[in-house]
Amino acid sequence: MQMNRRTILKLSAATAALGAAGLPALGEGIDELVIAYNVNLPSWDPTVGASAVNPTIQGIYQSVFDQFILQQPDLKPAPGLITEWGWNEDRTRVFLKVREGVKWHDGSPFTAEDVAWSLARAADEKTGNPIQFIWSTLGNFQVEGNTVTADVLRFEPTIFKWMYFLTGYVLPRAYYEKVGPEGFEAAPVGTGPYMVDKFERNAFVRLKANPDYWGGKPEFGTVTIKFVPDAAARVAEVESGNSHVTLEMPYEEYDRLKAAGLSGVAHPISDIGMIFLNDVDPMLDPNVRKAAVAAIDKQAIINRLLSGYGVAIDTLETPEYDAYDPSIRTPYDEAKARELLAASGYGPDNPVRFKIQTTKGFKPKDYEMIQAIVGLWRKVGIEAEIEVYEIAKHYELRAADTLAPAAFYNWGNSVGDPTTSTGFAMFGPSPHSVWDSEDLVNMIAPLWGEPDEAKRIAGWKAVDAYIAENAYVIPLLQYVQPILSAPGVVVTPHASGALLPHLMKRA
Amino acid sequence: MRLLRAILLRLATSAVTLAGVAVIVFVVIRVVPGDPVSMMLPPGATDDDIARLRAFYGLDRSIPAQFLIWAGGVLQGDFGTSITNRQPVLDLVLGRLPATLELSVLALGLAVLMGGVAALTGTRLRGTRTEAAIDVANGMALSVPDFLWGLVLVLLFGVIFPVFNISGRVTPSLDLPFTTNFYLLESILRLRPDLVADLLSHMILPALALAIPLAAIIGQLLKQSLKETMHLDYVTLARTRGYGENHVILREALPNAILPTLTLVGVQFTFLIGGTVIIERLFSYEGLGNLAIDAVINRDLPLIQGIVILFAVIFTAVNLIVDLACVALNPRLRHG
């Protein structure tokens with residue numbers, strides 16, 4: 001028997017039940033909410049550097065800073081610091097109406113100047129914003145009263161969605177210019193529901209409720225977010241009562257602790273698991289691709305490996321995404337897979353062979369899922385050799401277009417737009433796509449600048465149907481995020497995967 | 001004079017070692033797969049966007065050119081800026097070092113205490129069931145790696161009997177009056193028993209996890225050395241002069257038997273600091289090890305370089321100190 005941390009924790013299940021006697025107090029008894037968070041917060045500037053594009057950190061950023069536009073738990077936009085937004089008729093200018101009466105954490109008034117400056121700063125390549133290529137589609141910002149206008153330098157249909165996505169945060173112009181980047185790192189100021197009280201790098205951040213928050217004062221006056229990257233340690237934190245809320249633990253642990261009396265919510269989030277197919281041999285044979293798709297029983301994998309926590313998907317769109325089309329189906333069909341392979345001269349005795357790359361431990365049961373898929377493939381006549389690599393190597397190989405014929409990856413798209421899922425993943429000229437065939441490029445290209453929203457979404461649905469029909473990629477599942485909390489603390493999950501303290505209430 | 005020459009020679013070789021480490025780490029982390037820019041850019045980025053960001057972080061130059069720029073900065077005390085933390089590397093590394101040093105020293109102290117007591121007890125009660133029990137316990141302690149001890153301790157003293165803290169270095173709600181990052185040392189000097197207790201409550205489990213395997217090694221080696229020394233003529237002479245067994249072990253045998261253990265402790269201390277990487281992660285302890293893991297995950301090249309160089313400095317410094325201590329304690333070495 002292989003002993004690892006998870007095994008040890010499983011073995012301890014019986015004895016740990018004793019700990020149930022010491023479960024955390026009910027919500028009304030909690031003065032200071034303690035959250036065991038799964039990542040460290042390296043930097044406080046949410047618009048620059050690697051942490052700015054780390055989806056998991058966004059929950060901390062959104063506690064302190066507001067985005068231009070508010071994103072609701074179901075991923076839909078709502079008025080936030082920007083209350084109204086849109087294009088002019090010929091889509092050459094945008095307008096943003098700014099909320100009045102909002103204060104920064106230092107007490108100074110929030111103004112439309114802050115919005116214009118934040119957008120201009122994000123578009124300036126000297127600041128190092130990783131999403132500068134999107135922000136630079138706007139320019140020539142002008143402020144009139146509480147309205148900001150800007151020229152559309154290059155039409156980007158998703159520009160307003162980016163205003164509640166990565167790096168879409170409003171920062172305080174006067175304060176930032178006064179203290180500089182170092183001063184801002186030391187004492188960040190936002191307009192968000194919580195203010196930074198104390199920050200110990202690699203250890204914790206202590207937040208105080210913003211009494212003037214435009215969305216209403218949060219329920220918990222003080223929130224401490226401890227950075228606990230190790231899953232076993234997070235489980236111990238919440239089990240021992242040292243923390244009231246935690247997230248992202250093995251599903252077996254989630255079930256065990258829920259049974260022991262903790263509250264839990266497991267909600268589908270915008271992350272998906274998928275297998276990229278590369279347009280190299282043997283994937284150039286459509287029968288091989290289609291058989292590879294048909295031979296995978298996604299629901300069985302979810303049930304057996306993920307304790308049922310996952311949603312099988314047939315396209316790169318989840319039900320929350322704008323271009324989700326439930327009529328596109330790629331059902332499990334072992335007989336069809338055998339038939340397709342036989343048509344190309346392959347079978348269990350004469351299998352088609354290729355390599356599949358995967359991470360191990362980067363996402364829940366990633367390696368085990370690929371092992372199960374390889375087992376299912378073997379039954380129909382596909383012999384895949386597994387190569388484990390680090391996620392960093394995946395990025396490098398993908399950028400160089402040298403991934404193996406099949407490669408497991410997870411894709412996050414918390415704005416739910418088809419461009420940021422199917423678009424970026426499948427458009428050949430993008431350095432991040434893997435399948436680069438001309439037919440697909442020609443189908444996707446006109447959609448990038450399509451100004452008619454209904455036509456644009458319909459176009460992406462057609463692309464998804466075409467991809468499914470030709471098996472250019474293997475969508476697997478939508479991930480479910482497990483969150484555990486002390487009895488009496490009610491957590492509202494956010495489909496983006498961000499864990500937001502201001503959405504937590506006492507029961 | 002001979003001693004001075006030996007020290008100067010060791011310092012010179014240490015400088016060469018550090019330069020070698022710097023070159024190796026600089027080249028290796030740039031050759032292995034994983035580019036910080038490709039980790040940072042979202043999928044919509046074009047080749048031009050990638051090139052722009054590579055230039056922003058100075059990664060568009062050749063490796064020798066990057067090395068010369070970095071080495072020039074290091075010689076002036078500038079180790080660069082962390083890509084993920086956006087802070088000077090030297091500030092980050094020196095800011096975390098005290099936490100790791102305090103944890104390592106506490107772990108070493110516990111290991112010496114536990115190993116020493118086990119060795120002396122085993123020697124004093126040699127041939128009895130107690131010695132056999134100590135040997136069995138030593139074997140168990142050695143065969144289980146430190147991170148597994150960490151999990152066992154978390155389960156025992158964090159969950160089942162929650163008497164110690166299992167994450168962090170200090171309770172977030174406490175007001176800390178510290179002016180340095182040596183929290184434990186400073187709270188002792190400031191005569192703040194409340195802070196000392198809180199810090200120890202956070203440090204005791206990770207320190208124990210690090211200490212247990214080392215204590216077993218110390219216990220075994222010291223007991224073996226004592227056993228050999230106890231058969232030497234001068235020890236027999238001490239017995240014939242009427243000294244009790246405790247006096248013979250502690251005053252006659254131990255001073256001679258301790259030298260190989262001292263050397264081992266020095267060498268193991270460097271490994272102990274290395275071991276903090278996993279243990280700090282497990283206990284979410286805000287030390288250098290935790291910082292190192294994040295740096296590697298995020299391919300934060302300047303930070304990885306800074307941490308490795310600092311580890312190398314610590315390793316060479318500890319080895320130098322151990323060598324000097326051995327010279328100071330051994331008359332034969334001291335007088336050539």
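Let's start with a kink. In helix H7 of chain A, there is a kink of about 110 degrees at A:Gly180, shortly before the proline A:Pro181. Keep in mind that this is a predicted model. How far apart are the end C-alpha atoms of this helix, residues 173-186 of chain A? They are only 16 Å apart, although a straight helix of 14 residues would reach 20 Å at 1.5 Å a residue.

Now compare that with helix H4 of chain A, residues 112-123. Its 12 residues reach 17 Å from first C-alpha to last, close to the expected 16 Å. Which residues of H4(A) are buried? They are A:Ala112, A:Asp114, A:Val115, A:Trp117, A:Ser118, A:Leu119, A:Ala122 and A:Ala123. Those buried residues pack against several elements of chain A, and our kinked H7 is one of them. The others are strand E5 (93-98), helix H5 (132-135), strand E6 (138-144) and strand E7 (147-152).

While we are on chain A, please find A:Pro446 for me. This proline sits in the loop between helix H16 (438-444) and helix H17 (453-470). Why does A:Pro446 count as exposed? Because it has 11 C-beta neighbours inside 10 Å, and the cut-off for exposed is 12 or fewer. Along the sequence, A:Pro446 is 64 residues from A:Ile382, and in space their C-alpha atoms are 36 Å apart.

Let's move over to chain B. Here we have 14 helices and 0 strands, so if you read the elements from the N terminus on, you just keep saying α. The C-alpha trace spans about 85 × 55 × 40 Å along its principal axes. Of the 336 residues in chain B, 40% are buried. And if you take the contacts between residues at least 6 apart in sequence, 73% of them join residues at least 24 apart.

Chain B has a bent helix too. H11(B), residues 245-282, bends by about 60 degrees at B:Leu254, and the proline B:Pro255 follows within four residues. Its end C-alpha atoms span only 44 Å, where a straight helix of 38 residues would span 56 Å. After the helix comes B:Ser284, which has a positive phi, near 45 degrees.

Which helix packs with H11(B) at about 145 degrees? That is H10(B), residues 233-240, and the two axes are 10 Å apart. From H10(B), the contact uses B:Tyr234, B:Val235, B:Ala238 and B:Arg239, while H11(B) brings B:Val248, B:Glu252 and B:Ala253. By type, that makes 5 nonpolar residues, 2 charged and no polar ones. The crossing of H10(B) past H11(B) is right-handed.

One loop in chain B is worth a stop as well. B:Asp78 lies between helix H4 (63-75) and helix H5 (89-124) of chain B. With 13 C-beta neighbours inside 10 Å, B:Asp78 counts as partly exposed. It is 68 residues from B:Arg10 in sequence, and 25 Å away from C-alpha to C-alpha.

Finally, let's put the two chains together. How many residues does each chain bring to the contact? Chain A brings 59 and chain B brings 48. On the chain B side, H11 turns up again, along with H2 (36-40), H3 (47-56), H7 (146-160) and H12 (288-297), each supplying at least two residues. That side of chain B holds 23 nonpolar, 15 polar and 10 charged residues. Thanks for listening, everyone!

Terms used: Residues are numbered from 1 along each chain as its sequence is written. Chains are lettered from A and ligands numbered from 1 in the order in which they are written. This is a predicted model: local features need pLDDT of at least 70, side-chain atom pairs count only at pLDDT 80 or more; totals for chains, interfaces and linings use all residues. Two residues are in contact if their C-beta atoms, placed from the backbone, lie within 7 Å. Ala, Val, Leu, Ile, Met, Phe, Trp, Tyr, Cys and Pro count as nonpolar, Asp, Glu, Lys and Arg as charged, and the others, Gly among them, as polar. The expected span of a helix is 1.5 Å times one less than its number of residues. The bend at a residue is the angle between axes fitted to the seven residues ending there and the seven starting there. Axes are lines fitted to C-alpha atoms, for helices over the stretch in contact, and angles run from 0 to 180 degrees between N-to-C directions. A crossing is left-handed if the near helix is turned anticlockwise from the far one by less than a right angle, and right-handed if clockwise. A residue is buried if 20 or more other C-beta atoms lie within 10 Å of its own, exposed if 12 or fewer, and partly exposed in between; C-beta atoms are placed from the backbone.
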